[in-house]
Structure formats: C-alpha cells, structure tokens
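Trainee: I would like to learn how to read a structure like this one. Could you walk me through it?

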Amino acid sequence: MPKETITPRQQDYSQWYLDIVQNADMADYAEVVRGCIVFKPTGYAIWEAIQRGLDDRIKATGHVNAYFPLLIPRSFLMKEAEHIEGFAPEVAEVTRAGGEDLAEPYVIRPTSETIIGHFYAKWVRSWRDLPLLINQWANVMRWEMRPRPFLRTAEFLWQEGHTVHATEADAERETLMILHDVYGDFMERDMAVPVIKGLKTEREKFAGGLRSYSLEAMMQDYRALQSGTSHNLGQNFARAFNITFTDQQNTIQYAWTTSWGVSTRLIGAMIMVHSDDEGLVVPPRLAPVQVVVVPIYKNDTERSSVLQAVEQVTADWAGRLRFKVDDRPNLTPGFKYNEWELKGIPVRVELGPRDVQQQNVAVARRDIPGREGKQIVPQAGLTAYLETLLTTIQQVLYDRALRFREDHTYTIQRFDELADAVERGFARCYWAGSSEDEQRIQSDLKATIRVIPLEQPGTAGTCILTGKETTQQVIFGRAY
RNA sequence: CGGGGCGUGGCGCAGACUGGUAGCGCACCGCGUUUGGGACGCGGGGGUCGUGGGUUCAAAUCCCUCCGCCCCGACCA
C-alpha cells in the first residue's frame with residue numbers, strides 16, 4: 001500500500017512541517033528567487049480566508065483600506081534612528097532603474113511606517129482630522145537569513161494598519177483594541193488558535209516604537225510563534241516625519257501613531273497548531289472547502305443513481321456549506337479519502353449504492369483521522385447535521401490546542417527549573433531581571449521572554465533570577 | 001555569514017569510486033479490467049545530466065569556476 005511520505009512529527013518536526021506544505025499542495029519553493037515561495041492555489045485560498053476574516057474586523061472597527069508605494073526613498077528609513085538600526089540588515093535596495101543609477105536608491109519596504117508617515121504629515125492638520133485609521137494589504141520584503149515556507153520568507157504578504165491619534169491614551173486604546181477585537185478574536189474564533197496576549201519586552205519590541213504587544217501561540221513542538229503584533233509608536237514617528245496637528249486650544253502638537261500587522265505566517269501557525277501525521281488539518285471556519293463528497297460506484301447504473309442521490313443530498317448546501325463533489329473518474333474512493341485527509345478538508349461525505357439503498361451517507365471528520373472518525377448518518381437532516389459537526393470540529397480543534405498549551409506551560413519558582421521547562425514548553429514565572437539578563441538566558445538556553453501576559457495574577461512573587469519581589473509574570477519560551 | 005548536504009524526465013532517486021553516450025519507482029498518455037481506506041495488466045511519450053571552462057578519441061562520471069536550493073546555527077513577522 002503506497003503512502004505519501006509525511007515524516008512523523010516525533011521523528012523530525014521541521015521535516016514534518018515541510019512535508020505538509022509540500023504534500024498538501026500549499027506552496028512551491030520559488031527556486032529561482034532566494035527565500036521566496038509560490039503560494040499555490042490551496043495555500044493562497046487559506047490566505048484569502050484569513051484576509052476576509054481580518055478585513056471584515058478591521059473595517060467593522062472603523063478602518064479603511066488604502067495602498068502606499070512598494071519603494072521607499074532610502075533617506076526615509078534613516079529618519080528614525082532605532083528604526084533604521086532594526087531594519088537595515090534586512091532591506092533590499094533598488095539602485096538602478098531606467099538604465100541608469102538612481103540619485104537616491106529606493107528600499108523595498110520591509111514595513112511602511114516611514115513612507116506612510118511622510119504622507120500622514122501632509123494629511124493631518126487639525127484635531128478634527130483625527131483619528132486617522134488606515135490599513136493596507138501589501139507585500140513586504142525582508143532579506144532573512146533563514147527562510148521557511150510561510151513562517152519566514154524574504155517576501156511575504158500581510159496587512160499593516162497605521163493610525164494617528166490626538167492623545168497617547170487614544171493610541172494606546174487603539175493598539176489594545178486591535179490586539180483583542182481584531183487579532184485575538186480572529187485567531188481564536190476563526191483559526192481555532194489559542195493565543196497569549198501581552199506586552200513585548202524592550203529587547204523584542206518593534207524598532208522605533210514605544211511599546212509592542214503581541215499574540216503568542218504554541219506550536220506542537222512547544223515553540224512559540226509570534227502570530228501578530230500591535231505597536232504603540234508613541235510620538236517617535238510623528239517627530240521623525242513631522243506629523244503634527246492643531247488641538248482645540250490652537251496649539252500645535254505631535255500626534256501619536258500606532259501600527260499593527262499580521263502576515264502569511266498565520267498559515268504556518270494554522271499548519272503547526274492543528275495538523276497531524278496524516279496531513280494538513282484546516283479549521284472549518286477557515287476552510288475554503290468544508291465538505292468534500294466522494295461518490296462511490298462500480299458501473300454506469302450505479303453511477304447515475306449515486307450522482308443523483310448526491311445531487312439531492314447537496315441541494316440545499318449552497319450558502320450554508322462550502323463544498324465540492326469529487327467525481328473524478330478512475331480514482332478509487334480509497335485514494336480520494338487519503339488525498340482529502342492529506343489536504344485537511346474538515347468533513348468528508350461518502351455516498352455509494354448501499355447509502356442510496358438505505359438513505360444514509362458515511363460522514364468522516366478530519367479531526368479524528370482514519371476510520372475512527374467515520375459514521376453512518378441518515379440523509380434526512382444531513383445539512384443541519386453537517387453544520388453542527390463543523391461547529392463541533394472547530395471547537396474541538398480549539399480545545400485541543402488550548403489543552404496542549406496548558407499541558408505544556410509550567411509555572412516555575414526557581415531559576416534552575418527554567419532550562420527544563422523551555423525544553424518542554426512555556427515557562428511562566430515572576431521576573432524582575434534586566435535586558436542583559438534576558439540576553440544571557442537567550443544565549444544559554446535559546447529561550448526568550450515571549451511576552452508579558454496582560455493577564456497577571458495580581459499578587460506579588462519572587463523573581464526567579466534576582467530574587468526581587470515583583471508582581472510581574474512573564475512567559476519564557478523558544479521561538480520561531 | 002559559518003557548518004553540512006544536494007543539483008540527472010513533473011516528483012523521488014540510481015548511475016560517478018573504476019569515463020564508452022542514461023536507467024528505476026511514482027506521476028503522465030492510450031486501451032481494457034477495476035472502484036465502500038492509497039487498484040491491476042498491456043502498450044506508450046518525455047531528460048541541453050544546474051552553469052561555464054578544461055582533460056580525453058570519448059565526460060552525468062575526472063579537474064577548475066560560477067550559480068542555485070535544502071538542512072543545522074547566529075538575526076527576524
């Protein structure tokens with residue numbers, strides 16, 4: 001019995017991931033362009049679903065979309081000292097065009113704070129212009145040393161929101177609102193990926209920003225994936241680009257800006273959180289195809305009666321279920337079962353002569369792979385049954401991921417427990433150490449403070465390193 | 001950028017040490033039999049052996065150059 005080769009997770013997690021990407025037909029290596037990938041239709045469809053989920057929320061919270069240039073004058077990047085320091089190593093430049101060397105090279109945007117800042121300076125005059133709430137869907141480029149499909153590629157797709165506010169409090173409110181109501185809500189509800197929301201440490205915050213918040217998810221190899229970030233940029237970029245406004249008292253003030261983004265990395269998160277050794281698992285709310293129907297027949301007579309039954313059964317699915325009928329000839333049903341399992345379709349409906357006879361169908365759920373997840377269901381009421389099943393699967397995936405994270409999160413009291421904890425998951429502990437202490441831990445244990453969770457116990461404890469009394473707990477982990 | 005591996009039909013590989021003009025599996029095409037967990041038989045098509053140079057009567061094979069990709073590490077959404 002030939003089997004597609006997916007390396008088991010236990011054996012080699014990193015290879016498992018690449019096998020899933022490859023075998024589920026998500027992406028192709030762009031062999032001719034270093035560090036880039038081709039999003040194949042299956043992978044791109046996931047991105048489109050992500051875009052829809054986010055775009056709806058972004059607009060529902062009062063933002064509008066716009067688009068800024070891909071190329072940024074190099075000098076723009078220089079205007080914010082910390083920003084250029086953070087991004088310089090990974091920017092690509094265009095130095096020649098139209099057959100001649102450019103007087104000033106352009107950089108290909110690694111992010112758009114600077115060019116957007118330039119325009120915001122023109123657009124913002126009065127407090128009445130604020131808040132300015134704009135989002136853009138774009139590609140960006142960061143010349144990464146070590147690319148991996150979806151998780152880290154030289155060119156990637158994302159959305160970046162850029163807003164301007166009159167007060168620090170407004171900017172902070174925006175930053176947190178995005179974190180909770182847009183990113184958190186989307187990831188947990190649509191992607192079924194539980195996240196820990198919190199503040200980044202100084203070392204890990206956005207280059208040039210005031211403070212950064214992020215959403216961290218745990219992958220099945222216990223490593224943390226930063227799945228989204230929301231930055232309060234303070235007045236740093238307003239000063240660098242002269243974004244000012246006249247307030248009600250007729251005094252000119254620097255504005256407060258924010259930026260926030262999530263990228264195609266989310267596809268990697270989806271894969272690594274939910275998939276198994278049989279292949280990809282796509283959560284129903286995100287799935288471009290939620291239900292695949294596999295008709296079974298031996299001859300033309302059976303074929304027509306089976307396809308007729310399929311027609312009847314699926315008659316009221318449009319608008320309620322996203323589905324497709326796999327009537328490719330000359331492929332055995334068994335082959336199709338395995339293929340759709342590999343591709344992560346949440347539910348499979350099998351319909352053969354026996355089912356026509358008995359007014360049943362066989363329903364297989366992807367969250368329970370193989371025959372175990374299969375049961376016989378009457379055709380009557382099937383649509384409602386499937387809708388419920390999809391909801392159930394969505395919930396099961398979320399619960400499973402949450403339990404996994406909780407089972408692998410260790411609350412520790414002593415520093416000597418840290419090494420072992422980050423080996424097997426997240427370590428949660430009181431922390432009052434310095435950036436230098438973090439640096440040392442990163443060198444020694446390859447672990448970093450992923451986030452300072454917004455949810456804190458509210459009671460004081462002892463820092464695992466310094467022994468100081470503190471109320472702040474942090475999450476240590478190894479990161480992607 | 002350091003360490004390792006690899007470039008041969010679409011994919012995965014063998015052939016290389018010992019030079020003689022390219023082969024296997026899967027996929028693909030045709031016909032027939034099949035079809036409830038990855039079907040089978042027969043027939044067929046498809047390869048500038050990553051690039052450039054060198055050695056040789058002769059190079060996938062030996063030598064040199066360059067390019068690319070993957071993996072592992074330091075940097076990152």
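Trainee: Let me start with a single residue: which residue in β25 is the bridge partner of Ala 427?

Mentor: Happy to help, and keep in mind that this is a predicted model. To read a bridge, pick a residue on one strand and look for its partner on the other. Here, Ala 427 is matched with Phe 476 in β25.

Trainee: How many bridges join β21 to β25, and do these strands run parallel or antiparallel?

Mentor: There are four bridges between β21, residues 426–430, and β25, residues 473–477, and the two strands run antiparallel.

Trainee: What is the strand order of the sheet, and is the sheet open or closed?

Mentor: Follow the pairing from neighbour to neighbour. You get an open sheet of eleven strands with mixed pairing, in the order β3-β7-β8-β14-β11-β10-β9-β22-β25-β21-β20. At its edges are β3 (64–65) and β20 (409–411), each pairing on one side only.

Trainee: Which strands does helix α2 touch?

Mentor: For a helix on a sheet, check its contacts and then its direction. Helix α2, residues 41–60, packs on the sheet and touches β3, β7, β8 and β14. The direction of α2 makes about 165° with that of β7. Helix α12, residues 382–407, also packs on the sheet, with contacts to β9, β10, β20 and β21. The direction of α12 makes about 40° with that of β20.

Trainee: Now the RNA. Which residues come nearest to RNA strand B?

Mentor: Begin with the surroundings, then go to atoms. With a 4 Å cut-off, there are 48 residues around RNA strand B, and Arg 34, Arg 146, Arg 265, Arg 354 and Asp 355 come nearest. Of the RNA atoms within 4 Å of the protein, 44% belong to sugar and phosphate. By class, this surface has 18 nonpolar, twelve polar and 18 charged residues.

Trainee: Which part of RNA strand B is 2.5 Å from the side chain of Thr 332?

Mentor: A phosphate oxygen lies at that distance from an N or O atom of the Thr 332 side chain. For Arg 371, a side-chain N or O atom is 2.6 Å from a sugar or linking oxygen of the strand. With Tyr 297, a polar backbone atom is 3.5 Å from a sugar or linking oxygen. Among the elements giving two or more residues to this surface is α1 (13–23), while α10 gives the most, with seven residues.

Trainee: And how is chain A divided into domains?

Mentor: The domain assignment gives domain 1 (3–72 + 112–274), domain 2 (291–389) and domain 3 (409–477). The C-alpha centres of domain 1 and domain 2 are 38 Å apart.

Conventions
Residues are numbered from 1 along each chain as its sequence is written. Chains are lettered from A and ligands numbered from 1 in the order in which they are written. This is a predicted model: local features need pLDDT of at least 70, side-chain atom pairs count only at pLDDT 80 or more; totals for chains, interfaces and linings use all residues. Side-chain values use heavy atoms; hydrogens and water are left out. A polar contact is a pair of N or O atoms within 3.5 Å; within protein, one must be able to donate a hydrogen and the other to accept it, and residues adjacent in sequence count only if both atoms are side-chain atoms. Ala, Val, Leu, Ile, Met, Phe, Trp, Tyr, Cys and Pro count as nonpolar, Asp, Glu, Lys and Arg as charged, and the others, Gly among them, as polar. Two strands pair if DSSP finds at least two bridges between them. Contact means heavy atoms within 4.5 Å. Axes are lines fitted to C-alpha atoms, for helices over the stretch in contact, and angles run from 0 to 180 degrees between N-to-C directions. Domain bounds come from an automatic or database domain assignment.
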